[in-house]
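Student: I am new to this structure, and I would like to understand how the descriptive words used for it are justified. Could we go through some of them one by one?

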Amino acid sequence: MESAHSLADVQYTSFWLADPGRPEALPALTGDTTCDLLVVGGGYTGLWTALLAKERDPARDVVLVEGQEVGWAASGRNGGFCAASLTHGFFNGLERWPEELRTLERLGHENLQAIEDAVERYGIDCDWERTGELDVATEPHQVEELREGAEQMAEYGANAVFLDAEAVRAEVDSPTFLAGLWDKDGVAMVHPAKLAWGLKRACLELGVRIFEHTPATDLAESGPGMAVRTPYGRIFARHVALGTNIFPSLVKRVRPFLAPVYDFALMTEPLTDEQLASIGWKNRQGLGDCNNQFHYFRISADNRILWGGYDAIYHYGGKVRAEYDHRPETYEKLAGHFFTAFPQLAGIRFTHAWGGAIDTCSRFSAFFGTAHKGKVSYAVGYTGLGVGATRFGADVMLDLLSGERTERTELQMVKSKPLPFPPEPVKWAGIGITKWSLDRADHNQGKRNLWLKAMDAMGLGFDS
C-alpha cells in the first residue's frame with residue numbers, strides 16, 4: 001500500500017523539535033528563591049508573559065519554570081500557523097461575540113503585527129512568512145459557504161478573496177479542491193519550535209530567570225504573595241501567571257473546563273523542483289480544508305509538506321500521557337488522505353510523524369481568570385490556535401494581575417467563561433457521539449443531525 005510504504009522509515013518525533021539548533025536545557029531550580037512574578041509553563045503563553053512583563057517593567061524580577069524543556073509540548077508540535085484571530089477563526093468569533101467582533105479582529109491583527117515586530121526586534125530566526133491562509137472546499141456544498149464567508153470577512157475589513165476551482169488550483173493544485181477563501185494577511189507561517197527558542201533567548205537577555213525540568217507541584221498563599229513548590233525547592237512570588245496549557249492547572253476549579261484532545265501530523269521529505277512544480281504553491285500559504293474533521297497543511301522553509309489534523313482523539317478520563325503522543329493507525333490514515341489530495345506526489349516518503357495534546361474548551365478559544373484574591377492569573381483553552389493568540393493571552397494575564405481596566409479586560413470574551421465539560425462517563429460518550437455525528441455531516445452535504453444542533457444551541461460544538 002502506498003500509505004504504508006511512505007511511512008516505512010519515519011521518525012516518531014516532532015520535525016520541529018528535532019532541529020539541530022535546539023538549545024541545551026537550563027538547570028533545574030534547587031533551593032528557594034523569591035521574585036516579583038512567577039510564570040509557570042515554558043510554552044508560548046509563559047514565554048510571552050515573561051517577555052512582556054519585562055518589557056512593561058524592566059526592573060521587575062521575573063522567574064519562569066518549565067516542567068520539561070521550553071517549547072517541548074504544544075508550542076513545539078503544532079503546524080506553525082500564527083493567526084491574527086483571537087477567537088479560533090472569524091466565524092467562531094462571529095457566532096459567539098458578534099457585537100465586539102470588530103474590536104476582536106482589530107486587536108488580533110495588532111497582536112499579529114506585534115509578534116512580527118518582536119521577531120524582528122529580537123532577531124528571532126524562525127522562518128517567519130506572512131503568506132496568509134487558504135481555506136479550501138473539497139465538497140460541493142462548501143463552495144457557496146466560502147463565497148459567502150469571503151463577503152462576510154470583507155465587511156469586517158479582512159483582506160479575504162474568494163477563489164473558484166480554477167483560481168484555487170492555480171495557487172495549489174489538487175484535484176480535490178473545488179474553491180478557496182484566501183485570507184491574505186491574517187496568518188503567518190512560522191517554525192514553531194524556533195519561535196519558542198527565540199523567545200526563550202529574548203527572555204534571558206532581558207533578565208528573566210528560567211529553570212527547566214522544574215515542574216510546579218503545588219500553589220498556596222504565603223503572606224502577601226504566593227508560594228509554589230517544585231521537586232527541589234520553593235518560589236515565593238508576589239504574583240503568579242499560569243500558562244500550563246492542558247496540563248492539570250494549579251487552580252483546580254479550572255480543570256473541568258478543559259479536555260485534552262490529541263492531534264497528529266506528518267512531515268514529508270523535501271520536495272524536488274519537479275514535485276514542487278507539479279503542485280505550484282508559489283505563494284506558500286497555509287491551507288486547511290472546510291470539513292468538520294479537517295486537515296491543515298503547509299510548506300516548510302526547506303520545501304517539505306506538513307500534513308496534519310483530521311483525527312481528534314480523546315482518551316477516557318482526560319489523561320495526558322506520553323504513550324498517547326503516537327498513533328500508527330492515524331498516521332496511516334493521514335498518509336492515505338495526503339495521496340488522495342496530491343496524487344502527483346506518489347512515491348514521496350514521510351520522514352517524521354508525531355502527535356500531542358491540545359487544550360480544548362467548549363468555545364474553542366482561550367478563557368481567562370484570576371484566583372487567590374487576584375494574585376494568580378491564567379489563560380488556557382486555545383484549542384489548537386494558540387501560536388498567535390497566546391501573546392494576547394499573556395497581555396490579558398498581566399493586565400489582570402496589575403488590576404488595570406484595559407480594552408482587553410473589558411471584553412466579554414475575557415469576562416466570560418465557556419461551559420464546563422460534564423463529568424465522566426458522560427464527557428467521553430458525548431465527545432464520541434459528537435465525532436461520529438461530525439463525520440456523518442462531512443459525508444452528508446454538511447447537514448447537522450439533532451445531536452449537533454443541540455450541542456450548537458448549548459455552545460458545546462466540537463470539531464477537530
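Student: What makes K184 count as lying over the face of W182?

Tutor: In this predicted model, K184 lies over the face of W182, at 4.5 Å from the ring centre. A charge sits over a ring if it is within 6 Å of the ring centre and within 35 degrees of the ring normal, and K184 is listed as lying over the face of W182. R102 is likewise placed over the face of Y156, at 4.2 Å from the ring centre.

Student: Which residues are linked into a cluster by ring pairs?

Tutor: The cluster is made of F177, W281, F297, W307, F338, F339, F342 and F350. Rings pair if their centres lie within 6.5 Å, and the structure holds 24 aromatic pairs.

Student: W307 also belongs to a strand, so how is β15 paired with other strands?

Tutor: Two strands pair if there are at least two bridges between them. Strand β12 (residues 259-268) is joined to β15 by 3 bridges, and strand β14 (residues 295-299) is joined to β15 by 5 bridges, so by the cut-off of at least two bridges both count as pairs. The strands run antiparallel in the pair of β12 and β15, and also in the pair of β14 and β15. W307 in β15 is the bridge partner of L266, while I305 in β15 stands opposite I299. The hairpin of β14 and β15 has 5 residues between the strands, and N303 there takes a positive phi near 65 degrees.

Student: Why is S365 called buried, and where is it found?

Tutor: S365 has 2% relative accessibility, and because buried means under 20%, S365 counts as buried. S365 is placed in the loop between β17 (350-360) and β18 (367-371), and among the residues that it touches, leaving aside those up to four places away in sequence, are L86, H88, W97 and M413.

Student: What is said of F364, which lies in the loop between β17 and β18?

Tutor: F364 has a relative accessible area of 8%, so by the cut-off of under 20% it is buried. Its phi is near 75 degrees, a positive value in a residue other than glycine. Most residues other than glycine have a negative phi.

Student: Why is N245 called partly exposed rather than buried?

Tutor: N245 has 22% relative accessibility, and since buried means under 20% and exposed over 50%, with partly exposed in between, N245 counts as partly exposed. N245 is in the loop between β11 (233-242) and β12.

Student: How do you know that C35 has no bond to another cysteine?

Tutor: The closest cysteine sulfur to that of C35 is in C203, 14 Å away, and because a disulfide needs sulfur atoms within 2.5 Å, this is too far for a bond. A search of the whole structure finds 0 disulfides.

Student: What makes the length of helix α4 (residues 101-121) agree with what is expected?

Tutor: The 21 residues of α4 should span 30 Å at 1.5 Å a residue, and the end C-alpha atoms are 30 Å apart, so the two values agree.

Student: Why is α10 called largely enclosed?

Tutor: In α10, 15 of the 17 residues are buried, so the helix is largely enclosed by the rest of the structure. Just after α10, G403 takes a positive phi of about 75 degrees.

Key
Residues are numbered from 1 along each chain as its sequence is written. This is a predicted model: local features need pLDDT of at least 70, side-chain atom pairs count only at pLDDT 80 or more; totals for chains, interfaces and linings use all residues. Side-chain values use heavy atoms; hydrogens and water are left out. Helices (H or I, at least four residues) and strands (E, at least two) are DSSP runs, numbered from the N terminus. Buried means under 20% relative accessible area, exposed over 50%, partly exposed in between (1.4 Å probe, protein chains only). Contact means heavy atoms within 4.5 Å. Rings of Phe, Tyr and Trp (its six-membered ring) pair if their centres lie within 6.5 Å; planes under 30 degrees apart count as stacked, over 60 as edge-to-face and the rest as tilted. The expected span of a helix is 1.5 Å times one less than its number of residues.
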